[in-house]
Amino acid sequence: MAASLLACGVDPERSVLFQQSQVSEHAELSWILGCLTSMPRLRHLPQWKMKSKQKNEGSVGLYTYPVLQAADILLYRSTHVPVGEDQVQHLELAQDLARIFNGRYGELFPEPRALLSATRKVKSLRDPSSKMSKSDPHAMATISITDSPDDIALKVRRAVTDFTSEVTFDPEARPGVSNLVTIHAAVARISVDEAVSQARGLDTGAIRRSLATPLSKG
């Protein structure tokens, strides 16, 4: 985990890396916040709905995990949190719990705000109707930080697209191709429109091949 965080660009000169399990206050605050959280509030979170359906029945750990996430954030009085679009509702839970706690016990926690990048969600390479997730059972669906260049190239080559060779961006009609365009834009740090413009004249096979190298370099 530490190596992956460093590979993602976390600067140890500016950030403190530590094992969460060694800081007991995370679990302690999670218990306190859990006592302020209603069961219906957790049942309505989209992650619980999705994962409990996938596993037929969800565990208590999965059900209460958003409360632990809130504790992780509030413990350090965080004001801004970088999240993906799918985590915004979990961050809203942290905001709600900060308000509830402050209302009962006095002002202590700021209400954290979401920091969303231009790339709010990356979709699965095998099922572009769902998000890319490390818990996806399909090995070819997700690009991991620990994947080798050959693994990444293979996954991108096998990414689901469609029967139209031209590269366009239309998430509703062409989710697979649009997902590759989104990934291209994120890696190249350009807009989606620029990514489409750069792909003009290329077919979907060519954009798959062109993505492998920059993804491998990160």
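Which residues form a nonpolar patch on the surface? I shall begin there this morning, and I should say at once that the structure before us is a predicted model. The patch consists of M1, L5, L6 and L17, and together these residues have about 390 Å² of accessible area. One of them, L5, is placed in helix 1. Its relative accessible area is 32%, and L5 is therefore partly exposed, since that class lies between 20% and 50%.

Let me now turn to the protein as a whole. It contains 10 helices and two strands. Followed along the sequence, these elements give the pattern α-α-α-α-α-β-α-β-α-α-α-α. The C-alpha atoms fill a box of roughly 60 × 45 × 30 Å along the principal axes. There are 218 residues in the protein, and 33% of them are buried. The accessible surface amounts to about 13,600 Å², and carbon and sulfur atoms account for 53% of that surface. As for contacts with a separation of 6 or more, 57% of them are between residues 24 or more positions apart.

I return to the beginning of the chain, to the loop that runs between helix 1, residues 2–7, and helix 2, residues 25–34. V23 lies in this loop. Is V23 buried, partly exposed or exposed? Its relative accessibility is 22%, so V23 counts as partly exposed, the limit for a buried residue being under 20%. Leaving aside residues up to four places away in sequence, V23 touches F18 and Y76.

A word on cysteines is in order. A disulfide is a covalent bond between the sulfur atoms of two cysteines. How many disulfides does the structure hold? The number is zero. Two cysteines may be mentioned here. C8 has a relative accessibility of 58% and counts as exposed because the cut-off is over 50%. C35, with a relative accessible area of 52%, is exposed by that cut-off.

Finally, I come to helix 10, which covers residues 204–217 and has 14 residues. From its first C-alpha to its last, helix 10 reaches 21 Å, close to the 20 Å expected at 1.5 Å a residue. Its buried residues are T204, G205, A206, I207, R208, L211, A212 and L215. In an α-helix there are 3.6 residues a turn, so residues three or four places apart point the same way. Against which helices do the buried residues of helix 10 pack? They pack against helix 7, residues 149–157, and helix 8, residues 175–188.

Thank you for your attention.

Conventions
Residues numbered from 1 in each chain as written. Predicted model: local features only at pLDDT ≥ 70, side-chain atom pairs only at ≥ 80, totals over all residues. Heavy atoms only, no water. Helix = DSSP H or I, 4+ residues; strand = E, 2+ residues; numbered from the N terminus. Buried < 20%, exposed > 50% of the residue type's maximum accessible area, 1.4 Å probe, protein only. Contact = heavy atoms within 4.5 Å. Patch = residues over 30% accessible without salt bridge, like charges linked within 9 Å, V, L, I, M, F, W, Y side chains within 5 Å. Areas by Shrake-Rupley, 256 points an atom, 1.4 Å probe, with all protein chains shown as cover. Salt bridge = Lys/Arg side-chain N within 4 Å of Asp/Glu carboxyl O. Disulfide = S-S within 2.5 Å. Expected span 1.5 Å × (residues − 1).
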